[in-house]
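Here's a quick briefing on how some strands and helices fit together. Have a look at the structure first, then we'll walk through it topic by topic.

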Amino acid sequence: MEVGAVAAMRFVKDGIRAARLVMQHTEHTLLAGEKASAFAIAMGLPGPANLSSAESMDKWTKWRENGCQPNFWKNVVPVDGCGPYQPKCNMGPSEGECPASNLMGVTESGSSYVGLHSHDTISMAVIDKMGHVAVGTSTNGATFKIPGRVGDGPIAGSSAYADEEVGACGATGDGDIMMRFLPCYQTVESMRQGMGPELAAKDAISRIARKFPDFVGAVVAINKNGEHAGACHGWTFKYSVRSPEMEDVKVFTVLP
């Protein structure tokens with residue numbers, strides 16, 4: 001139950017190392033924003049650094065030229081420009097609200113923007129020879145996200161969760177939707193209750209799909225004995241495994 005995380009951290013490349021420093025050297029669980037960057041640099045990580053690449057800048061420039069489309073705004077005007085954005089209907093406490101059906105999003109999500117090339121999540125679970133279980137997730141976030149957005153990566157129980165009495169879970173996909181369900185916490189708790197990794201992973205994914213049938217995501221579960229499985233929705237997902245008995249990494253394909 002040791003946890004460390006950073007979110008919305010700019011100018012420092014090694015996000016997962018910064019998260020570990022939070023775990024090892026503070027009583028906190030999560031640091032965010034410019035102060036997370038300052039903490040990481042003060043603790044010895046390289047920075048501040050410009051993390052933009054020629055590829056990312058080219059992608060951003062073309063996106064701006066296309067009217068900042070697609071993006072993650074909703075119920076705002078203008079609908080086809082780069083802003084500044086305003087609510088489409090008045091959100092003041094005494095002047096009415098947008099219809100609830102437009103705000104809840106129970107059947108629609110931003111998953112049309114989530115795919116193999118729109119984010120870069122890495123989640124890894126490890127069991128050492130003493131039986132200790134650890135899991136970590138690192139991500140640059142969703143492409144064209146609204147500045148300030150925090151996804152599921154640093155949220156304990158969402159993109160990652162571990163308990164050495166049970167096992168671990170890692171997740172990726174539409175983090176804005178998945179974090180509402182804490183799928184990795186759910187997966188590990190289901191294994192605690194006796195489910196195998198495959199059934200636990202499928203159960204966690206199905207809970208999300210029932211509310212958001214168009215979401216894209218996947219989870220990988222491994223129990224403390226090293227038995228593993230994955231489940232996904234909206235895409236064909238692959239994960240890799242390596243054990244001491246294996247000569248090389250083995251890739252597993254999970255069908256939706």
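Two strands count as a pair if DSSP finds at least two bridges between them. With that in hand, strand 8 (residues 167–173) and strand 9 (residues 217–223) are a pair: they run antiparallel and share seven bridges. Keep in mind that this is a predicted model.

**The four-stranded sheet**
- Strands 7, 8, 9 and 10 line up in the order 7-8-9-10 to make an open sheet, and the pairing is antiparallel.
- At the edges sit strand 7 (160–163) and strand 10 (228–233), each with pairing on one side only.
- On average, neighbouring strands here are turned by 10° against each other, if you ignore direction.
- Want a spot to look for in the pairing of strands 8 and 9? Find Gly-167, which stands opposite Asn-223 in strand 9.
- Here's a handy general point: in a regular strand, side chains alternate between the two faces of the sheet.

**Helices against the sheet**
- Helix 6 (residues 183–192) lies across strands 7, 8 and 9, and runs at about 150° to strand 8.
- Helix 7 (residues 197–211) packs on the sheet too, touching strand 9 and strand 10, and its direction makes about 20° with that of strand 10.

**The hairpin**
- Strand 5 (residues 122–127) and strand 6 (residues 133–138) run antiparallel, joined by six bridges.
- Across this pairing, Ala-125 stands opposite Val-135 in strand 6.
- Five residues lie between the two strands of this hairpin, where Gly-131 takes a positive phi near 90°.

Methods:
Residues are numbered from 1 along each chain as its sequence is written. This is a predicted model: local features need pLDDT of at least 70, side-chain atom pairs count only at pLDDT 80 or more; totals for chains, interfaces and linings use all residues. Side-chain values use heavy atoms; hydrogens and water are left out. Axes are lines fitted to C-alpha atoms, for helices over the stretch in contact, and angles run from 0 to 180 degrees between N-to-C directions. Contact means heavy atoms within 4.5 Å.
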